[in-house]
Each structure stands twice: as C-alpha cells, then as structure tokens.
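Biologist: Please take me on a close reading of one part of this model, beginning with its cysteines and then going on to the central sheet and what packs against it. I would like the residues named, and the reasoning kept visible.

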Amino acid sequence: MNVSRRNFLKMSVGSAALANTSLALTEAANQTVIPKRKFGRHADMLTVVGVGGHTLYLSGSQKEATEITHRALDLGVNFFDNAWDYHGGEAETYMGNALEGKRDQVFLMTKFCNYHTSKYTPDVKGSMQMLEDSLRRLKTDHLDLWMLHSVSGDDAEEAYRQDGAIEAMELAKQQGKIRYTGFTGHTDPAVHMDLIQRGYEWDATLMPVSVVGALQSREYEEKVMPLCVEKNIAVLGMKGFGGSRRTELHGRTNVQEVLQYSLGYPQVCTHVVGLDKLEYLNQAVAGSAATPMTAAQQKMFAVNDAPDSPDFAAMQHGAKHYDSGCSRDHRA
C-alpha cells in the first residue's frame, strides 16, 4: 500500500481508536456514541460496528467471550454475526451463552452451509436442520437474519432451484423462525451479482469491503455495491483488515481507518470487526464515530497485489485462523 499517498489521513491518537493505553481506550469507548445506520429498505437500525462469532470464539474461553459480549452490549453494539459451521458449532454456543437473557438487545444473524458440506443434505430439509441447530445453540426462537454462507461456484443455481436455499428461507420465514434473508461471499463477486440479478428480493449481503483491497474487495465494491444500491439491499462489510490475521495489518492500517473506509459507502450499514480481545472492541467503538471517507479519499488507497509485493501477504484470506473456524467439506 502506498503509505505516502495517505498522509491526509493521519490521526491524533487521543481522538479515537489509536489511543495507546488500555485505560485511554476504555475511556474513549465509554465516551463514544456508536452511529447507527438503516438496514437496507427496512426500519431496523444497526450499529456500524458488528461482533463476529468466528473471532469471538478465538478469545479463548466462554468466560472471555461473555465478557467481550457484555462489554459490547454496554457500549451499545447491537449487531452479532455467526455461522453454523464456525469452530464446529462452538462459536454459536459461545454467543448463545453470552447473550442469554439479553437476546432482545441485539440484531442476531447466522449462516447455513449445507450446500457446501456433507454433514446435511443439500436441500430444504438439510437447511432446516441447520437452522434448528443454530437456534438451539444461540438459545433463541428466531433469527433476525439468516444467510447462505460463503457462496461460490454454482451456488446461484443451487439457491434458485426447487428444494434449494431460497425455498428453505421462505419456509423459515413462514414459520416465524427468521425475519430477513441474505447471502455471504468471500472470493467471487460474479456469484453475488448472479444471485441478485436472478430476481429474489434479498434483504442483505455480507461481502469484503477492505481498506487494503483484500479478497477482491475492489471488484465487490465496483460491481456488487451498485446493484445493492439499486435494489436497496443492506451491505454488511467484512474483511476490513484482510482476514483474521489482523495483527499482521496493524502496521499498515487500524480499525478506525477500516471503519472510515467501509462506511464511506452509504449502503454499508455495519462492518463486522474481529473482536477476540476487549482492547479490540474498545478500539472499534472509539473509532466508529470518525467521519467516513469520501469517495475521493477511498480512491487514494492503492494496493499492489503482485506476489512479490510487501502488501501481498497482508491481503490473503485469513490463513490458519480463518481456516480453523470452518468445517467446510466442499463438494466437487
């Protein structure tokens, strides 16, 4: 990344997420009112900082995950993300235990992936079995948002076919077990476009929106984002640091910059940040109220994605942290 072209974004550490002591971070977070944005075409208002279940599990124990969750709630964070397959289901269990008695304070999302795993059949029955697993682990009777996980390949065809993912989502809505539907993807913007252009009225999508240009985020931003604006589909940003290896990116960027970049797109209503330590939560909340970048400022971020570039490793998919979180068994 061409740091010299980013001098205009130098920040004072006392003003937000770059405060360099634990006490300063805590106080900065305490004094921050997290902005909220409208969830696409719906009235729900989401905090621009979201908690991801995959990384929350990496905090190390139920006790630590609960501590981070309760701190997030105390600070006003209301968006919580998870997936059926994160850490063999333990990520949902951690979050469900942490949110027990506090479910009504959050907008809760999880994902299903039976079209990519042999654990359940790739049909409506398998999808609904996954949904029941997720509801049980998360200790709730409904989800606010249920998403098809990490779409790729022929997933658009799988979603729209008879006995496919969309049919399962509509059944779950009829049963009152979910409110909204969506899909996520990490590596193939064309699949996102196909899923939208085939005509189903999706409520949301989760996709890379990355200040470091990770995971083809520039292509997502240039091609998928306009479709989401046209259809008023809520965009949930992820991979702002480039994946779960956030520590490798701190020399290149910081959480405040990640949020400023992502929220520079008005259609982004929340950005899921890796939060496995209280200090990361405090940083994210303290940085959340900074002014989003303008389109011109966003364009000043240049990334060199050549294999021999110093930026290349920083942009890779989350390496072992990411891979260990998913129990995916891709079908041929």
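Modeller: At 1% relative accessibility, Cys113 counts as buried, and Cys228, with a relative accessibility of 0%, is buried too. The cut-off behind that statement is a relative accessible area under 20%. A disulfide is a covalent bond between the sulfur atoms of two cysteines, and this structure, which is a predicted model, holds zero of them.

Before turning to the sheet, the overall setting is worth having in mind. The protein has 332 residues, of which 58% are buried, and its secondary structure consists of 13 helices and 10 strands. Of the contacts with a separation of 6 or more, 77% are between residues 24 or more positions apart. The exposed area comes to about 13300 Å², with carbon and sulfur atoms supplying 50% of that area.

The sheet itself is a closed barrel of eight strands, in the order S3-S4-S5-S6-S7-S8-S9-S10, and its pairing is parallel. Direction ignored, neighbouring strands of this sheet are turned against each other by 30° on average. Strands of a sheet pair through backbone hydrogen bonds, either parallel or antiparallel.

I will follow the barrel around S10, where the ring closes on S3. Strand S3, residues 49-52, is joined to S4 by three bridges, the two strands running parallel, and within that pairing Val51 stands opposite Phe80. S3 also pairs with S10 in the parallel sense, again over three bridges, and here Val49 has His271 as its bridge partner. His271 also stands opposite Gly237, a position that belongs to the pairing of S9 with S10, which is parallel and rests on three bridges. Going on from S9, the parallel pairing with S8 is made by five bridges, one of the matched positions being Thr205 in S8 with Val235 in S9.

How enclosed are these last two strands? Six of the six residues of S10 are buried, so S10 is largely enclosed by the rest of the structure. The count for S9 is five of five residues buried, and therefore S9, too, is largely enclosed by the rest of the structure. In a regular strand the side chains alternate between the two faces of the sheet. In S9, both faces are covered, because Ala234, Leu236 and Met238 are buried on one side while Val235 and Gly237 are buried on the other.

Helices lie across this part of the barrel. Helix H9, residues 217-231, lies across strand S8 (204-208), strand S9 (234-238) and strand S10 (268-273), and its direction makes an angle of about 165° with S8. Helix H10, residues 255-262, lies across S3, S9 and S10, running at about 155° to S10.

The loop between S8 and H9 holds Gln216, which is partly exposed at a relative accessible area of 38%. Leaving aside residues up to four places away in sequence, Gln216 touches Thr187 and Pro189. Asp188 is 28 residues from Gln216 along the chain, with 7.9 Å between the two C-alpha atoms.

A contrasting loop position is Asn82, found between strand S4 (79-81) and helix H4 (90-98). Asn82 is buried, with a relative accessible area of 0%. Its contacts, again not counting residues up to four places away in sequence, are with Gly53, Ala91, Glu92, Met95, Met109, Thr110, Lys111 and Leu138.

Elsewhere around the barrel, helix H7, residues 165-174, shows how a helix can present one side for burial. Its buried residues are Ala165, Ile166, Ala168, Met169 and Ala172. They cover an arc of only 160° around the axis, which means that they sit on the same side of H7. An α-helix has 3.6 residues a turn, so residues three or four places apart point the same way. The cover over the buried residues of H7 includes strand S5 (107-112), helix H5 (124-138), strand S6 (143-148), helix H6 (155-160) and strand S7 (178-184). Just after H7, Gly176 takes a positive phi of about 75°.

How values were computed:
Residues are numbered from 1 along each chain as its sequence is written. This is a predicted model: local features need pLDDT of at least 70, side-chain atom pairs count only at pLDDT 80 or more; totals for chains, interfaces and linings use all residues. Side-chain values use heavy atoms; hydrogens and water are left out. Buried means under 20% relative accessible area, exposed over 50%, partly exposed in between (1.4 Å probe, protein chains only). Helices (H or I, at least four residues) and strands (E, at least two) are DSSP runs, numbered from the N terminus. The arc is that of the directions from the helix axis to the C-beta atoms. Contact means heavy atoms within 4.5 Å. Accessible areas come from the Shrake-Rupley method with a 1.4 Å probe; for residues, only the protein chains shown count as cover. Two strands pair if DSSP finds at least two bridges between them. Axes are lines fitted to C-alpha atoms, for helices over the stretch in contact, and angles run from 0 to 180 degrees between N-to-C directions. A disulfide is a pair of cysteine sulfur atoms within 2.5 Å.
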